[in-house]
Number of protein chains: 2
Amino acid sequence: MSEPSARRYSGRSVEEWKAARRERLLDAALELFGTEGYPATSVERLCALAKVSTRHFYHEFQNKEAVLLAVHAQVIEVAVRSTGEALVATADAPVQERIVAAVDGYLRTVMADLRRARISFVEVVGASPAVEEQRIAFRELLISSVVGVGEVAVARNELTDKDFRFLGLCFIGAVNTVVYDWMLTDPRPPEQQVQTALRELAVSLMLS
Amino acid sequence: MSEPSARRYSGRSVEEWKAARRERLLDAALELFGTEGYPATSVERLCALAKVSTRHFYHEFQNKEAVLLAVHAQVIEVAVRSTGEALVATADAPVQERIVAAVDGYLRTVMADLRRARISFVEVVGASPAVEEQRIAFRELLISSVVGVGEVAVARNELTDKDFRFLGLCFIGAVNTVVYDWMLTDPRPPEQQVQTALRELAVSLMLS
DNA sequence: ACCAAGTGAAAAGCGGGCTTTTCACTTGGA
DNA sequence: TCCAAGTGAAAAGCCCGCTTTTCACTTGGT
């Protein structure tokens, strides 16, 4: 059995070098995919911005698509966490309050960084089967949250039963379109305005 | 001044040959862009399916992007016509009836051919600046219809004033997402079900 | 001092798609 | 009959991006 080499290069272990390169690549990908777009970004530019050689790039990722998947996964992760926390924190609150908390949590993370929004709403759409799969899976996760909130509220007699999956789908579509439209508007209105409008939309959809 | 040559080849004039090639190319583009996707379709395959030589392809279109723009314009045209007609036909009817007519008109055209739906909702998203511009312009046209219907109804005291532009944006986003989701569902539910649900959504959004 | 492992930079291979050009053939007016 | 214009098929040029490999250098354990 060979010991893991404890050798260090310029003070960092091999694993630390690897991790640092990976992080720089993900940062660069967020920047380039999020501003110029996935197809418009070449591996070469990605590596140049990340200060990583193409050799190391292919040690770290199987190909360019894998980077998009990884960046998208990062974006998703933040969103899932913030909405999940909002729902847990309001588990015993009235529906309306839970909806507002969840929508606010989601919108804050996605609107805080326009690059994330662009990746979520534009770049991953139809990019490739694998990316599409991840995008749909994430959407389904969000929808299941909506359904969950709805069913709990129905059980509590807070609202009548409906097709919550459909409503979730509609709301997600509305969010995508509205937020992307907001991004492109010049001058960009205050984000709070968009958040308020979408919050009210969510409430009125659920209470219909 | 030179006369336009009246020469005919195999019974067709030069212009007829040109027009026929163009139409075959647009048909092939609808098929390939609508099933395999725009990036996945090469000019070569396009020409092969259309039975047009690449030489003639570049006589007819400046490049591949121009074909996407043209196909998208065709798709748009049908949608604009059917919704416009629905609104004109119901100009004096109560709002709710106008909304239902417009939504039905739009959905029928877009859901009748899955290839059109895919091009409208997936392929043109972020494809290129020119395509994006055309897509946004069309969306703005639809939104102005929504705003128009809303303002007329307000003037008639049928409903209270609201941010109809925002509601239109939300509804379009919902339609995109719901219809694309319906497309991917297997087995695909009856389209009437989707149409009914979206119709009711439109009404409840406008009347809120 | 040695050298295995690691490093960044650069170059070369490779394929594929877009676009232009060439080719041989057909058409039908002059 | 001649030939300008048009036709489809094929090929070649071209570029660019993805991916792999080579290169010379550095690091630090032995």
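**Close-ups of a two-chain predicted model**

**View 1. Helix α4(A) passes α5(A) in a right-handed crossing.** Right-handed here says that the near helix is turned clockwise from the far one by less than a right angle. This is a predicted model, where local features need pLDDT of at least 70, side-chain atom pairs count only at pLDDT 80 or more, and totals for chains, interfaces and linings use all residues. Residues are numbered from 1 along each chain as its sequence is written, while chains are lettered from A and ligands numbered from 1 in the order in which they are written. Helices are DSSP runs (H or I, at least four residues), numbered from the N terminus.

The axes of α4 (residues 64-89) and α5 (residues 95-111) of chain A come within 8 Å and cross at roughly 160°; axes are lines fitted to C-alpha atoms over the stretch in contact, with angles from 0 to 180 degrees between N-to-C directions. The two are therefore roughly antiparallel, a label for angles over 145 degrees. Among the residues making the contact (C-beta atoms, placed from the backbone, within 7 Å) are A:V78, A:S82 and A:E85 of α4(A), plus A:R98, A:A102 and A:Y106 of α5(A).

**View 2. Here are the buried residues of α5(A) and their cover.** Buried residues (20 or more other C-beta atoms within 10 Å of their own C-beta, placed from the backbone; exposed is 12 or fewer) include A:I99, A:V103, A:L107 and also A:R98. Their cover includes α4, α6 (114-123), α7 (129-155), α8 (164-184) and α9 (191-207) of chain A.

**View 3. Chain B meets chain A through 19 residues of chain B and 19 residues of chain A.** On the chain B side, α6 (114-123), α8 (164-184) and α9 (191-207) each give two or more residues. The largest share, 10 residues, belongs to α8(B).

**View 4. A cis peptide bond joins A:D186 and A:P187, with omega about 0°.** A:P187 sits in the loop between α8 and α9 of chain A. Over in chain B, a cis peptide bond joins B:D186 and B:P187, again with omega about 0°, and B:P187 lies in the loop between α8 and α9 of chain B.

**View 5. Two loop residues of chain A, A:K51 and A:N157, have a positive phi.** A:K51, not a glycine, has phi of about 55°. You'll find A:K51 in the loop between α2 (43-50) and α3 (54-60), exposed, with 10 other C-beta atoms within 10 Å. A:N157 has phi near 60° and lies in the loop between α7 and α8 of chain A; A:N157 is exposed too, with 7 other C-beta atoms within 10 Å.

Conventions: Contact = placed C-beta atoms within 7 Å. Parallel < 35°, antiparallel > 145°, perpendicular 65-115°, else oblique.
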